[in-house]
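Student: I would like a close look at the places where the backbone does something out of the ordinary, and at what surrounds them. Please take me through that part slowly, and set it against the chain as a whole.

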Amino acid sequence: MPIIKLDATDSTNLYLKKLVLSQPIEDFTVVSAELQQKGRGQMGTEWSSQKGKNLTFSILKRLNDFQVQNQFDLNCIVSLAVYNVLNELTVPNLSVKWPNDILSGNQKICGILIENILKGKLIHSSVIGIGINVNQTDFGTIEKATSLKLVFGANFNLDELLEMLLAKLKFYFSSPHENLRDDYIKKMYRKDKASTFKNAKNEKFTGIIRGVDSTGLLIVELEDEVIKKFGFKEISLLY
């Protein structure tokens, strides 16, 4: 697979998307950067990364006849692939924080951003951005962040870790996996625990995460056993 290594770029996702528009790009082309100056997460959030300390990369995945309505399956595939690599490294207390952050305990160790390129009602291809905190130990004012080095007290080889992740992603994309969503739900952060949320109006409320539906909406049980579903921009989990 082609791997394009950059010294620095604003965003590997943006770089790869521009590349797709300018020339033919092979499936599973990877763009990796030592420094991602404007890394983005869900809902436009930014992520801090020190040069040469972490894995910040994006992958182009070409898809055939992939229905837009099933796009959350992509979140499940990528989240589970990363989760399983970190689990093989024995990172403790792993979970997936909806929609696709990977946590160790209650601290973020990986963020994922998937941007789809549509062709009519189908997803033609996806640009999958992954940022893993590897050898960075100081995250400044960012709260609840950790890294492999903070967890294990040792440096990790970035190239070897990238190879592990790409192999696992290829496996998940090339092999049929039944019950993807069920597997994702089992690994969800704070599933079946009373938690505090904030809605789009900055109002706090208590609920219990029960899972996600087929479109990726978060299923939350409220007071009096009322079940409500929320989209990415409608709710955030506080604690």
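Tutor: The loops I refer to are bounded by helices and strands, and here helices (H or I, at least four residues) and strands (E, at least two) are DSSP runs, numbered from the N terminus. Everything that follows describes a predicted model, with five helices and twelve strands in the chain.

We can begin with the loop between strand E10 (218-221) and strand E11 (227-230), where Asp 224 lies. Asp 224 has a positive phi of about 60°, although it is not a glycine. Most residues other than glycine have a negative phi, and most peptide bonds are trans. Exposed means over 50% relative accessible area, and Asp 224 therefore counts as exposed, because its relative accessibility is 74%.

Asn 93 offers a second example, this time in the loop between H2 and E4. Its phi is again positive, near 50°, in a residue other than glycine. At 62% relative accessibility, Asn 93 also counts as exposed.

The stretch that leads up to this loop deserves attention too. Helix H2 covers residues 72-88, and at 1.5 Å a residue its 17 residues should span 24 Å, which agrees with the 24 Å between its end C-alpha atoms. H2 is mostly covered, since 14 of its 17 residues are buried. After H2 comes Thr 90, another residue with a positive phi, near 65°.

Val 91 has its place in the loop between H2 and E4 as well. Unlike the exposed Asn 93, Val 91 counts as buried, at 4% relative accessibility. Leaving aside neighbours within four places in sequence, Val 91 is in contact with Leu 86, Ser 104, Ile 109, Leu 148 and Phe 152. To place Val 91 within the chain, its C-alpha atom is separated by 31 Å from that of Lys 229, which is 138 residues away in sequence.

A further departure from the usual backbone concerns a peptide bond: the one from Trp 98 to Pro 99 is cis, with omega near 0°. Pro 99 sits in the loop between strand E4 (94-97) and strand E5 (101-104).

For contrast with these loops, it helps to turn to strand E7 (residues 122-132), in which Val 127 has its place. Val 127 is buried, with a relative accessible area of 0%. Beyond its neighbours within four places in sequence, the contacts of Val 127 include Asn 13, Leu 16 and Lys 17, then Ser 58, Ile 59 and Leu 60, and also Leu 113, Ile 114, Glu 115 and Ile 117. The C-alpha atom of Val 127 is separated by 14 Å from that of Pro 24, 103 residues apart along the chain.

Ile 128 lies in E7 too and is buried, with a relative accessible area of 2%. Not counting residues up to four places away in sequence, Ile 128 touches Asn 13, Phe 57, Ser 58, Ile 59, Lys 61, Val 78, Leu 113, Ile 114 and Phe 173. Ile 128 can also be related to the loop after H2, for its C-alpha atom and that of Val 91 are separated by 23 Å, with their positions 37 residues apart along the chain.

Val 31, in strand E2 (residues 30-36), counts as buried at 0% relative accessibility. Among its contacts, again leaving aside neighbours within four places in sequence, are Leu 16, Phe 57 and Ser 58. Ser 58 is likewise among the contacts of Val 127 and of Ile 128. Val 31 and Ile 209, by contrast, are 35 Å apart from C-alpha to C-alpha, at a sequence separation of 178 residues.

Finally, the chain as a whole gives these details their setting. With 239 residues, a compact globule would have a radius of gyration near 18 Å, and the chain agrees with this at 18 Å. Along its principal axes the C-alpha trace spans about 55 × 45 × 35 Å. Of the 239 residues, 49% count as buried. Among contacts between residues at least 6 apart in sequence, 62% join residues at least 24 apart. The accessible surface comes to about 12300 Å², with 47% of it belonging to carbon and sulfur atoms. As for charge, the chain carries 30 positive and 27 negative side chains, and the centres of the two sets lie 3 Å apart.

Notes:
Residues are numbered from 1 along each chain as its sequence is written. This is a predicted model: local features need pLDDT of at least 70, side-chain atom pairs count only at pLDDT 80 or more; totals for chains, interfaces and linings use all residues. Side-chain values use heavy atoms; hydrogens and water are left out. The expected span of a helix is 1.5 Å times one less than its number of residues. Buried means under 20% relative accessible area, exposed over 50%, partly exposed in between (1.4 Å probe, protein chains only). The radius of gyration is taken over C-alpha atoms; the globule rule is 2.2 Å times the number of residues to the power 0.38. Contact means heavy atoms within 4.5 Å. Accessible areas come from the Shrake-Rupley method with a 1.4 Å probe; for residues, only the protein chains shown count as cover. Lys and Arg count as positive and Asp and Glu as negative; His and the chain ends are not counted. The place of a charge is taken as NZ of Lys, CZ of Arg, CG of Asp or CD of Glu.
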